[in-house]
Amino acid sequence: MTRGQWLQPRHGSHEAWEKDYPKLDPHGMDVACPGCRGVVKLIRRSPSGKLGGWCKPCNRGVGA
Ligand SMILES: [Zn+2]
């Protein structure tokens, strides 16, 4: 599995991340969280097309 990277800048909350990544992408890929190594589904896109997901255990945004 591809290893993900932290999204920069760091989002203060899940809600803030959802606002920055408002578009759902059902075809998103799975990556390994750079923190806990858990599986993170990248299911949202930013307006510029950047793919992102949210790692709940780390409470932090993850990208490809
Ligand atoms: Zn994690």
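The largest nonpolar core of this predicted model consists of 11 residues: L7, W17, Y21, V31, C33, V40, L42, L51, W54, C55 and V62. Strand β6, residues 51-55, is the greatest contributor to this core, supplying 3 residues. In soluble globular proteins, nonpolar side chains tend to be buried together. Around this core, the protein has 1 helix and 7 strands in its secondary structure, and 5 strands form an open antiparallel sheet.

**Core and burial**

- Of the 64 residues in the protein, 27% are buried.
- V31, a member of the largest nonpolar core, has contacts with M1, T2, R3, G4, V40, L42, V62 and A64 once neighbours within four places in sequence are set aside.
- Among these partners of V31, V40, L42 and V62 also belong to the core.
- L42 is likewise touched by M29, which also touches A64, with residues up to four places away in sequence not counted.

**Overall fold and dimensions**

- From the start of the sequence to its end, the elements follow the pattern β-α-β-β-β-β-β-β.
- The radius of gyration is 10 Å, close to the 11 Å that the globule rule gives for 64 residues, so the protein is as compact as a globular protein of that length.
- The C-alpha trace spans about 25 × 25 × 15 Å along its principal axes.
- Where residues at least 6 apart in sequence are in contact, 45% of those contacts join residues at least 24 apart.

**The open sheet**

- The strand order in the sheet is β1-β7-β6-β5-β2, with antiparallel pairing.
- Strands β1 and β2 (23-24) occupy the edges and have a single partner strand each, so one side of each is left without a neighbour in the sheet.
- Strand β1, residues 5-6, pairs with strand β7, residues 60-63, in the antiparallel sense over 2 bridges.
- Within this pairing, Q5 stands opposite G63, and W6 has V62 as its bridge partner.
- V62 is thus named twice in this briefing, as the bridge partner of W6 in β7 and as a member of the largest nonpolar core.

**The β6-β7 hairpin**

- Strands β6 and β7 pair in the antiparallel sense over 4 bridges.
- One of the residue pairs here joins C55 to its bridge partner in β7, R60; C55 is also a core residue.
- The two strands form a hairpin with 4 residues between them.
- N59 lies in the loop between β6 and β7, and its phi is near 55°, a positive value in a residue other than glycine.
- N59 counts as partly exposed because it has 13 C-beta neighbours inside 10 Å.

**Backbone features in other loops**

- Most residues other than glycine have a negative phi, and most peptide bonds are trans.
- R37 has a positive phi near 70° and is a residue other than glycine.
- The position of R37 is in the loop between β3 and β4 (39-41).
- R37 is exposed because 12 other C-beta atoms lie within 10 Å.
- The peptide bond from Q8 to P9 is cis, and its omega is near -5°.
- P9 is found in the loop between β1 and α1 (14-20).

**Loop residues and distances in space**

- P22 is placed in the loop between α1 and β2.
- P22 counts as exposed because it has 10 C-beta neighbours inside 10 Å.
- P22 and R45 are separated by 23 residues in sequence and by 6.4 Å in space, C-alpha to C-alpha.
- M29 belongs to the loop between β2 and β3 (30-32).
- M29 counts as partly exposed because it has 15 C-beta neighbours inside 10 Å.
- M29 and G49 are 20 residues apart in sequence, and their C-alpha atoms are 14 Å apart in space.

Terms used. Residues are numbered from 1 along each chain as its sequence is written. This is a predicted model: local features need pLDDT of at least 70, side-chain atom pairs count only at pLDDT 80 or more; totals for chains, interfaces and linings use all residues. A nonpolar core is a set of buried Ala, Val, Leu, Ile, Met, Phe, Trp, Tyr and Cys residues joined through C-beta atoms within 7 Å. A residue is buried if 20 or more other C-beta atoms lie within 10 Å of its own, exposed if 12 or fewer, and partly exposed in between; C-beta atoms are placed from the backbone. Two residues are in contact if their C-beta atoms, placed from the backbone, lie within 7 Å. Two strands pair if DSSP finds at least two bridges between them. The radius of gyration is taken over C-alpha atoms; the globule rule is 2.2 Å times the number of residues to the power 0.38.
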